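Please look over this structure with me before reading on. My notes cover how some helices pack and where empty space is left inside.

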Amino acid sequence: MSTGIRDRTYARLSGPPAPRRQAPRVFEPSFSAVGIVVGLYFLALSLTPSLLPRAGYAQGLNSGVAFMIGYGLGAGAYALMRFLSVPQARGRGRALLLSASLALIAVQASLAIWRYVGWQNQTRLAFGMEPLSPLVWPVIAIVAVAIAAALLVIARALRLLFRTADDLLNRWLPRRLAVTLAGIILVAALWWVLSGAFVNAFFTTSNWIFSGRDLQSNPGDEQPLQPERSGSPASAVDFEHMGRQGRSFVASGPSAQEIDEYTGGGALEPIRAYVGLRSADTLEERAELVLDELQRAGAFDREILVLATVTGTGYLDPAGVDPLEYLWNGDTAIAGVQYSYLPSWISLLADQDVVQETSRVVFRTVHDYWATLPEDDRPQFYLYGLSLGSTGVEAVLSSVDILNEPIDGALMVGPPFINEMHTEITAARDTGTPPWQPAFNQGRTVRFTAEQYGLEEGGTWGPTRLVYLQHGSDPVTWFDGTLAFTSPEWLEPGQRAPDVAETMAWYPIVTMWQVLLDMPAAGSVPEGYGHLYTHRANLDAWAGVTRPADWDEADAVALGEHLQRRADRLDDQRSLLAD
């Protein structure tokens, strides 16, 4: 080989690599063909059923994000193949392959669009909701395009940042090493920003916003006059310091007169004790204050004492507490302590440790006093929690504080996916029982119930009774990060709850995103579905936990109907006051 040929060959092999194809700029209308194909496939999957029906804007958000997930996976996989010099189809073969893929996905998307209205209306009919309007499609399309465009701009901006860092490092390092280091450095920096600075700023801003809202009052909430209520003139707790939900709790609920009108007489005025975040400076002081309120009101002379863990904003669900007061003719005391200003969907992320610590400290304070009373001359002691409140209840149940003096029971409603005890019991359930209504250890201590499903099944129920009230359609309970890559048991044949659509199927990544998106809407469906639990379901659960004498199905039906009528009347009154 001549010297010139050898030099030219060496130059081709060892010289600088060929320049990379210029990527589209941030706002350039140029797209990855492979990304579009995969994105359309994910968009079609986003139109399939989930746990709850979706409003048009929610479906648009769902489809826009799903499309961009698919687009990113497709474009990223293609870029990786090019980076690794994987052989690719070119020319006519590539065009035929893309055309065939687009045709197949177009058929799938058309079928998904056609079936979307069907499953939506079927689910809406089952939930007692209005059918879907044809006007939903423009809303879906506009929101989906806007979301996809915004995400594409953000992704391209991040890619430009990556390319800039890559080119900078490529001045001193080989290209592949420069790409690797640039990726590691930028991912670490973005993770620090998102999980640190951004998250802290989000929680700080949210706390500032919602603490201001906590100063407001719900329509019709006025200072109670009964000495059995915190915030009354006889109380040491200032009504204005109790928080919006605390004021609502003590200002509402059935009076002895209302209970008498239903039961025929002999009712006591129900005790409601509550301490807000502004009522005392420290958690320990708030715990002592709620104990003082219970002692002042005579709670330890009642038949039933319930220590309730509130939700994020301090909310106690009337559907969860009112039935108990009717069930026991007002011979009850219910207490709660606020620990946050944040709504539950934020509190679920920010306040997991706070709710558990608050529950333990308040329980220890009240329980220690209760345990000093003669066993035959003290109230039955129960715990109650809705949603994140049930997380606090589990924190108490797993502590050592109740070993010497066990409590009588607990009711946990709508347990969120972060509840470790709920997860462990469901995983260890008796063979042949479904995850939405599992049996554990033949129901000796823990039992599960749902709408229209009782607690009778199982063996002998022991002296301490724990009940979970949950819906199969509640995404707050059934969300799990493993949904991204694993099909859940609650979608398997024979394991599906009655309120979960038969047509719902599992798809990698998409199903996790859909169930995650269902969570904010879980409180916007009719009672009896999602994260809204009816008076009757709570009544049945409380009857099972507290065991009132001479209680039967006829009593449950009559009181359940009365509670629903009363709730509807109060809702109408609040609507008029709000207007």
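1. Start with one helix pair. In this predicted model, α9 passes α12 in a right-handed crossing. Helix α9 spans residues 283-297, and its axis lies 9 Å from that of α12. The two pack at an angle of about 40°. An angle of that size is neither under 35 degrees nor in the range 65 to 115, so α9 counts as oblique to α12.

2. Which residues of α9 and α12 make the contact? From α9 come Leu-283, Glu-284, Ala-287, Glu-288, Val-290, Leu-291, Leu-294 and Gln-295. From α12 come Glu-357, Thr-358, Val-361, Val-362, Thr-365, Val-366 and Tyr-369. Sorted by class, this contact of α9 with α12 has nine nonpolar, three polar and three charged residues.

3. Now take a second pair. Helix α10 covers residues 318-327, and helix α17 covers residues 535-546. Their axes come within 8 Å and cross at roughly 50°. That angle makes α10 oblique to α17. The crossing of α10 and α17 is right-handed.

4. The contact residues of this second pair can be found in the view. On α10 they are Pro-318, Ala-319, Gly-320, Pro-323, Leu-324 and Leu-327. On α17 they are His-535, Asn-538, Leu-539, Trp-542, Ala-543 and Thr-546. Eight residues in the contact of α10 with α17 are nonpolar, four are polar and none is charged.

5. Next, the empty space. How many cavities of 30 Å³ or more are there? The count comes to two. The largest has a volume of about 110 Å³. The second largest holds about 50 Å³ of space.

6. What lines the largest cavity? Its lining has 16 residues. Nearest the centre lie Leu-307, Ala-308, Thr-309, Ser-359 and Val-362. Val-362 also takes part in the contact between α9 and α12. By class, the lining of the largest cavity has eleven nonpolar, five polar and no charged residues.

7. Several elements share that lining. At least two residues each come from β2 (304-309), β3 (332-337), α12 (352-371) and α13 (388-397). Helix α12 gives the largest share, four residues.

8. Finish with the second largest cavity. Its lining is made up of Phe-210, Arg-213, Asp-214, Arg-244, Gln-245, Thr-313 and Tyr-341. Helices α6 (175-213) and α7 (244-251) each supply at least two of these lining residues. Here the classes come to two nonpolar, two polar and three charged. Set that beside the lining of the largest cavity, with no charged residues.

Key: Residues are numbered from 1 along each chain as its sequence is written. This is a predicted model: local features need pLDDT of at least 70, side-chain atom pairs count only at pLDDT 80 or more; totals for chains, interfaces and linings use all residues. Side-chain values use heavy atoms; hydrogens and water are left out. On a 1 Å grid over the protein atoms alone, a cavity is a set of points where a 1.4 Å probe fits but cannot get out, and a pocket is an open set with protein on both sides within 12 Å along at least five of seven lines; lining residues have an atom within 4 Å of a point. Grid points are joined across faces, edges and corners, and a volume is the space filled by probe spheres set on the points. Ala, Val, Leu, Ile, Met, Phe, Trp, Tyr, Cys and Pro count as nonpolar, Asp, Glu, Lys and Arg as charged, and the others, Gly among them, as polar. Axes are lines fitted to C-alpha atoms, for helices over the stretch in contact, and angles run from 0 to 180 degrees between N-to-C directions. Angles under 35 degrees count as roughly parallel, over 145 as roughly antiparallel, 65 to 115 as roughly perpendicular and the rest as oblique. A crossing is left-handed if the near helix is turned anticlockwise from the far one by less than a right angle, and right-handed if clockwise. Contact means heavy atoms within 4.5 Å.
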